[in-house]
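Trainee: Please take one part of this model and look at it closely. I want the packing there, contact by contact.

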Amino acid sequence: NESFARELLSDCGADLPARIARIRAAVADGDTASIAEQAHGLKGMCANLRLPALRIASAELESAASTGLALNVALAVERLAVEADRFLQSMS
C-alpha cells in the first residue's frame, strides 16, 4: 500500500547518507571489494524501490570497483552522490 511504500522510501532516505559515507571510506582505504559490495547492496535496494537513477549509479559504481581503476571509481562515487542528493531533496 501507499503508506508502506512511503515508509520504505523514507527508510532508504534515512540510510542513504551512511551508505555513501561507508562507500567513501572504502574508497579512501582503496578497498574495492567493499566498494563493490556496498554498491551491490544499494543497487538491489534501489531496484526494489524503483529508483532507477540511483540503481544505475550504483551499478556503475559496482562495475567500476570491479575494474579497480581509481579514476573510474572516483567518478562513479561522485555520480552516485549526486543522484543520492537528488533523491534526498525529492524526499523533503
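**Packing around the third helix**

Mentor: Start at the rim: arginine 79 has 31% relative accessibility, so it counts as partly exposed. The scale has three classes: buried is under 20% relative accessible area, exposed is over 50%, and partly exposed lies in between, with a 1.4 Å probe and protein chains only. The model is predicted, so local features need pLDDT of at least 70 and side-chain atom pairs pLDDT 80 or more, while totals for chains, interfaces and linings use all residues. Residues are numbered from 1 along each chain as its sequence is written, and side-chain values use heavy atoms, with hydrogens and water left out.

Arginine 79 sits in helix 4. Helices here are DSSP runs of H or I with at least four residues, numbered from the N terminus. Arginine 79 touches Ile56, Ala57 and Glu60, not counting residues up to four places away in sequence. Contact means heavy atoms within 4.5 Å. Glutamate 60 is 19 residues from arginine 79 in sequence, yet their C-alpha atoms are 9.0 Å apart in space.

Now the pair as a whole. The axes of helix 3 (residues 52-67) and helix 4 (residues 70-91) come within 9 Å and cross at roughly 165 degrees. Those axes are lines fitted to C-alpha atoms over the stretch in contact, and angles between N-to-C directions run from 0 to 180 degrees. Helix 3 is therefore roughly antiparallel to helix 4, a label for angles over 145 degrees. Their crossing is left-handed: the near helix is turned anticlockwise from the far one by less than a right angle. From helix 3, the contact takes in Ala53, Leu54, Ile56, Ala57, Ser58, Glu60, Leu61, Ala64, Ala65 and Thr67. Helix 4 answers with Asn72, Val73, Ala76, Val77, Arg79, Leu80, Glu83, Ala84 and Phe87. By class, these are 13 nonpolar, three polar and three charged residues. Nonpolar covers Ala, Val, Leu, Ile, Met, Phe, Trp, Tyr, Cys and Pro; charged covers Asp, Glu, Lys and Arg; the others, Gly among them, are polar.

Turn helix 3 over and look at helix 2. Their axes come within 8 Å and cross at roughly 160 degrees. That makes helix 2 roughly antiparallel to helix 3. This crossing is left-handed too. On the helix 2 side, the contact includes Ile35, Ala39, Leu42 and Lys43. Among the helix 3 residues that meet them are Leu54, Ser58, Leu61 and Ala65. The count is ten nonpolar, three polar and three charged.

What does serine 58 touch? It contacts Ala39, Leu42, Lys43 and Leu80, not counting residues up to four places away in sequence. Serine 58 lies in helix 3 and is buried, at 0% relative accessible area. One of its partners, leucine 42, is placed in helix 2. Leucine 42 is also buried, with a relative accessible area of 0%. Beyond four places in sequence, leucine 42 touches Leu16, Arg19, Ser58 and Leu80.

Follow that to arginine 19. It lies in helix 1. At 17% relative accessibility, arginine 19 counts as buried. Its contacts, leaving aside neighbours within four places in sequence, are Gln38, Gly41, Leu42 and Met45.

Next, the core. In soluble globular proteins, nonpolar side chains tend to be buried together. Here the largest nonpolar core has 24 residues, and Leu51, Leu54, Leu61 and Leu80 have the most contacts inside it. Such a core is a set of buried Ala, Val, Leu, Ile, Met, Phe, Trp, Tyr and Cys residues joined through side-chain atoms within 4.5 Å. Helix 1 (2-29), helix 2 (32-48), helix 3 and helix 4 each supply at least two of its residues. Take leucine 61: beyond its neighbours within four places in sequence, it contacts Ile23, Ile35, Ala39, Val73, Ala76, Val77 and Leu80.

One last stop, at the loop between helix 2 and helix 3, where arginine 50 is found. Arginine 50 is exposed, with a relative accessible area of 74%. Check its backbone: phi is positive, about 55 degrees, although arginine 50 is not a glycine.

Conventions: Parallel < 35°, antiparallel > 145°, perpendicular 65-115°, else oblique.
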